[in-house]
There are 2 protein chains.
Amino acid sequence: MDKTHLTKEKIIAQAAPIFNQQGYSGTSISAIMAATGLKKGGIYNHFASKDELALAAFDYSINLIKQRYGQILKENSGNATGQLLGIINVLSDNAADSPVPGGCPVLNTAVESDDAHVLLRQRVREVMDEWHEMIGRIVARGIERGQFQPTVDGAALATILIALIEGAVMQSRLYHDPIHIRRAVDYINSYVQTTVVK
Amino acid sequence: MDKTHLTKEKIIAQAAPIFNQQGYSGTSISAIMAATGLKKGGIYNHFASKDELALAAFDYSINLIKQRYGQILKENSGNATGQLLGIINVLSDNAADSPVPGGCPVLNTAVESDDAHVLLRQRVREVMDEWHEMIGRIVARGIERGQFQPTVDGAALATILIALIEGAVMQSRLYHDPIHIRRAVDYINSYVQTTVVK
């Protein structure tokens with residue numbers, strides 16, 4: 001990577017936790033200047049606008065989470081239960097051990113952008129689509145292989161699992177207390193073992 | 001109410017949906033000036049700061065939701081199942097038919113304030129405490145009266161139900177599609193009938 005690209009990547013990596021903690025509206029260019037040690041012009045050399053930097057920072061945060069669940073899917077190849085519960089663990093890490101400080105970037109950006117930022121909302125929808133499709137695919141293969149009950153509705157299960165995790169991440173972060181995410185993960189484990197797995 | 005109080009109440013009622021849709025950081029005083037038709041001085045006559053107005057707007061939004069579930073608790077007095085499912089319906093209305101436009105003020109404010117705004121976070125924690133205590137109380141009475149299984153853990157159930165609803169509100173608002181909240185409510189109804197109710 002040449003020096004220009006390196007600087008650009010460094011700005012994105014340093015801006016990502018600021019956007020994730022302070023939100024899009026709450027992040028000022030001066031906060032990014034302070035974090036990177038660059039002047040305003042030094043930042044806008046690489047990005048046409050705050051929007052462009054925010055989108056790059058969101059993609060950066062999402063990619064770190066994707067690497068985690070990509071690894072899990074590979075390690076549990078052929079084992080639908082391991083894949084499903086592994087993904088739940090990756091997403092639940094966003095309560096306290098997120099790869100980018102500030103919690104789950106999908107939850108944060110979805111809640112902030114639903115009424116306010118069309119471009120960010122579009123990007124979050126794409127990631128949420130991927131999560132739904134990933135869970136749907138795991139369920140379909142689990143049924144095919146006889147590991148899951150044939151009656152499991154993959155689309156409904158995706159909504160329920162994502163809701164449980166994201167709603168518990170919200171509570172655990174609000175209270176700075178991991179108990180809510182632990183309750184949700186325990187609940188999901190027991191639900192999957194008794195109702196989804198054959 | 002005298003005229004000063006009426007003006008103050010009017011500013012709060014007009015600011016509440018702006019804060020709920022745009023967030024605390026995303027709400028500018030000029031947006032509130034535009035909505036109220038007042039000048040900056042006319043707003044700051046009634047509030048010492050944007051913080052003070054934001055807290056009053058949050059309380060206003062929460063009180064509208066409280067009125068709804070207060071009514072439900074009263075109508076279903078003595079019937080723990082009716083109270084529990086009634087509250088779920090009130091909270092799920094925050095996806096599409098919120099008394100203040102912009103979705104659930106607890107979800108919105110929790111996600112925005114967890115890293116950023118100490119005063120708002122404290123206020124959200126108090127409301128979340130109330131929700132947890134309310135569900136805990138309904139479960140305790142339901143068990144006492146022999147309507148609920150004696151093994152139901154009220155604290156864990158509160159985490160799970162609130163997570164499901166808030167996580168589904170987030171998805172339905174992100175997609176502008178009520179299906180996620182419908183799936184969560186169906187799931188909760190069936191779960192409560194088969195696992196909580198005796």
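## Chain A at a glance

Two residues count as being in contact when their C-beta atoms, placed from the backbone, lie within 7 Å. With that in hand, take the contacts in chain A between residues at least 6 apart in sequence: 61% of them join residues at least 24 apart. Keep in mind that this is a predicted model.

Chain A has nine helices and zero strands, so reading from the N terminus you get α-α-α-α-α-α-α-α-α, with helices taken as DSSP runs of H or I. The C-alpha trace of chain A spans about 60 × 40 × 30 Å along its principal axes. Of the 198 residues in chain A, 43% are buried.

## How the two chains pair up

Two copies of a chain are related by a rotation about an axis and a shift along it. Here, a turn of 180° and a shift of 0.0 Å along the axis lay chain B on chain A with an RMSD of 0.0 Å. That's the relation of a two-fold axis. Both copies use the same surface, as 100% of the contact residues of chain B recur in chain A.

In terms of contacts, 38 residues of chain B meet 38 residues of chain A. On the chain B side, the elements giving two or more residues are helix 1 (3-22), helix 6, helix 7 (118-144), helix 8 and helix 9 (179-196). Helix 8 of chain B makes the largest contribution to that side, with 15 residues. Sorted by class, the side of chain B that touches chain A has 18 nonpolar, twelve polar and eight charged residues.

## The nonpolar core

In soluble globular proteins, nonpolar side chains tend to be buried together. The largest nonpolar core in this model has 110 residues, and those with the most contacts inside it are Ala57, Leu161 and Leu164, each in both chain A and chain B.

Leu164(A) has partners in both chains: setting aside residues up to four places away in sequence, it touches Ala184(A), Tyr187(A) and Ile188(A), plus Ile160(B), Ala163(B), Leu164(B) and Gly167(B).

## Helix 6, boxed in

Helix 6 of chain A (residues 105-113) is largely enclosed by the rest of the structure, because nine of its nine residues are buried. Among them are Asn108(A), Thr109(A), Glu112(A) and Ser113(A), alongside residues such as Val106(A) and Leu107(A). The cover over these buried residues includes helix 1 (3-26), helix 4 (50-75), helix 7 (118-144) and helix 8 (154-175) of chain A, together with helix 6 (105-113) and helix 8 (154-175) of chain B.

Asn94(A) sits in the loop between helix 5 (80-92) and helix 6 of chain A. Asn94(A) counts as buried because it has 27 C-beta neighbours inside 10 Å, against a cut-off of 20 or more. Neighbours within four places in sequence aside, Asn94(A) is in contact with Gly103(A), Cys104(A) and Val169(A). Asn94(A) and Leu107(A) are 13 residues apart along the chain, and their C-alpha atoms are separated by 9.7 Å.

## Helix 1 across helix 4 in chain B

At what angle do the axes of helix 1 and helix 4 (residues 50-75) of chain B cross? They cross at roughly 90° and come within 8 Å. That makes helix 1 of chain B roughly perpendicular to helix 4 of chain B.

On the helix 1 side, the residues are Ile12(B), Ala13(B), Ala15(B), Ala16(B), Phe19(B) and Asn20(B). They meet Leu53(B), Ala54(B), Ala56(B), Ala57(B), Tyr60(B) and Ser61(B) in helix 4 of chain B. By class, the residues of this contact are ten nonpolar, two polar and no charged. Ala57(B) in this contact is also one of the residues with the most contacts inside the largest nonpolar core.

Conventions
Residues are numbered from 1 along each chain as its sequence is written. Chains are lettered from A and ligands numbered from 1 in the order in which they are written. This is a predicted model: local features need pLDDT of at least 70, side-chain atom pairs count only at pLDDT 80 or more; totals for chains, interfaces and linings use all residues. A nonpolar core is a set of buried Ala, Val, Leu, Ile, Met, Phe, Trp, Tyr and Cys residues joined through C-beta atoms within 7 Å. A residue is buried if 20 or more other C-beta atoms lie within 10 Å of its own, exposed if 12 or fewer, and partly exposed in between; C-beta atoms are placed from the backbone. Helices (H or I, at least four residues) and strands (E, at least two) are DSSP runs, numbered from the N terminus. Ala, Val, Leu, Ile, Met, Phe, Trp, Tyr, Cys and Pro count as nonpolar, Asp, Glu, Lys and Arg as charged, and the others, Gly among them, as polar. Copies are superposed by least squares on the C-alpha atoms of residues with pLDDT of at least 70 in both. Axes are lines fitted to C-alpha atoms, for helices over the stretch in contact, and angles run from 0 to 180 degrees between N-to-C directions. Angles under 35 degrees count as roughly parallel, over 145 as roughly antiparallel, 65 to 115 as roughly perpendicular and the rest as oblique.
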